[in-house]
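Welcome to a short set of exercises on reading a protein model. Keep the picture open, try each task yourself, and then follow the solution step by step.

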Amino acid sequence: MADAFENILGQPKVREFLRATVAQDKVSHAYLFTGPAGSNKTLAAYAFAQAVMCPKGAKGPRGGNCGACDACRRIMRRKHPDVRYFAPEGAGGYLVEQIRDIVADTAFAPIQAKKKVYILDRVDLLGTQAANAFLKTLEEPPADVVLILLGRTRESVLPTIVSRCQVVPFRSIPASEAAGIIAQNSGASLEQARMALAACDGSLTRAVEFLKSNERRAFRTRVLEVLGCLRTADDWDLVGYAGELAVLAKAPLDVVRAEQEQELAENADFLAKSAIRQIEARNKRQLTAKTFESLRQLTAIVRSWLRDVMAVCAETPELVINVDARGKVDEAAAAADEARAAAALSAVRRCDEAISYNVSPETCLDALLFEVRDLLYETTSPARVRGSR
């Protein structure tokens, strides 16, 4: 079986560096992976965790992992209790209390493995106060802890954080190359690969997974159908659409929650209460992350459709990505102009911000659909049902 490093698409230098690091037994205590969204930093972090923790393959000639043992399978499914993923819990970034909890957690012994790996996403959103609470642990973590920090650019991360990590730069992958990589790894056409890439906000890994999921592709189709109905929709229609899309966005969480409950039930008899609490906390974080991921996919689909509308308005129809929705894109472009489409794109950004502030998804989507309709088609609603609910 190929090792997990093979799945780090579009990053050959990173792949070989991480392989060599493990093969030569030169794993450091802290790494900073830097690169734009969609450059496969998160996947690389989990692949590195597999290589570090695999009891069979970590010291192999290529520095990979076996991919078949229980540890590898759990890490691949993001179910291993000793591989912890964290994202900012505050609207503006990491909270000081969140960092203190992570620091306190590093002092506990691993639950199943000999090491623990902590993956902290978006450390460019780690402010000075929260960073100060983390510096000592980052410089000298417990011997059984490996820290992997993920950030957009080296410059966006505080110098005090950068100086304590080994920096691993990820390159920006051009859209045309990314589509080719996705097509090669999924068997999809280039056209389908471009649509998947747009629906997944530029993430190669999620785009490949998206193309393999009938449910996610059907979800995209429904979002595009709703957007195509905005011109003739009344206020009550939009309220109904918002509720429907909120439910569809949450659908994948039911599967994740069921898997978590089953796993905990299978292991409850063998784990101490403290270990169970740690797993429950990890499961809660995973559900939160999945919720945001699903909602971000929805807004990414809306964003890609609006960019298509802008492309047609700008008389560059060859740039349209959602070719299967071309008829409704043309209809919207005929009614709007570039300025109104740009304003609608700003509404999507505001929706993303509201979601990050933990505003109800249905409320966010309700407001977004109303704004997009009113901006594109210059609709006015003197007595909106939203105000009377």
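## Exercise 1: A helix and what follows

Task: Find which residues of helix α9 (residues 190-199) are buried.

Solution. Please keep in mind that this is a predicted model.
- Step 1: Go to residues 190-199, which form helix α9.
- Step 2: Pick out the buried residues, which are Ala193, Met195, Ala196, Leu197, Ala198 and Ala199.
- Step 3: Now look just after α9, where Asp201 takes a positive phi of about 55 degrees.

## Exercise 2: Looking for disulfides

Task: Work out how many disulfides the structure holds, and why Cys364 does not bond to Cys351.

Solution.
- Step 1: Recall the cut-off, which asks for two cysteine sulfur atoms within 2.5 Å.
- Step 2: Start from the sulfur of Cys364 and find the closest cysteine sulfur, which belongs to Cys351 and is 5.0 Å away.
- Step 3: Because that distance is too far for a bond, Cys364 and Cys351 do not form a disulfide.
- Step 4: For the whole structure, the count of disulfides is zero.
- Step 5: Check the surroundings too: Cys364 is buried at 5% relative accessibility, and Cys69 is buried with a relative accessible area of 7%.

## Exercise 3: One residue in a helix

Task: Is Thr299 buried or exposed, and which residues does Thr299 touch?

Solution.
- Step 1: Locate Thr299 in helix α13, which covers residues 273-313.
- Step 2: Buried means under 20% relative accessible area. Thr299 has a value of 0%, so Thr299 is buried.
- Step 3: Leave out residues up to four places away in sequence; Thr299 then touches Val348, Cys351, Asp352 and Ile355. You have already met Cys351 as the owner of the sulfur closest to that of Cys364.

## Exercise 4: The whole chain

Task: Describe the protein chain by its helices and strands, its compactness and its charges.

Solution.
- Step 1: Count the elements: the protein chain has 16 helices and five strands.
- Step 2: Compare the radius of gyration, 22 Å, with the 21 Å that the globule rule gives for 389 residues; the two are close, so the chain is as compact as a globular protein of that length.
- Step 3: Turn to burial, where buried residues make up 51% of the 389 residues.
- Step 4: Look at the surface: about 18100 Å² is exposed, and carbon and sulfur atoms supply 52% of it.
- Step 5: Finish with the charges: there are 52 positive and 49 negative side chains, and the centres of the two sets lie 5 Å apart.

Notes. Residues are numbered from 1 along each chain as its sequence is written. This is a predicted model: local features need pLDDT of at least 70, side-chain atom pairs count only at pLDDT 80 or more; totals for chains, interfaces and linings use all residues. Side-chain values use heavy atoms; hydrogens and water are left out. Buried means under 20% relative accessible area, exposed over 50%, partly exposed in between (1.4 Å probe, protein chains only). Helices (H or I, at least four residues) and strands (E, at least two) are DSSP runs, numbered from the N terminus. Contact means heavy atoms within 4.5 Å. The radius of gyration is taken over C-alpha atoms; the globule rule is 2.2 Å times the number of residues to the power 0.38. Accessible areas come from the Shrake-Rupley method with a 1.4 Å probe; for residues, only the protein chains shown count as cover. Lys and Arg count as positive and Asp and Glu as negative; His and the chain ends are not counted. The place of a charge is taken as NZ of Lys, CZ of Arg, CG of Asp or CD of Glu.
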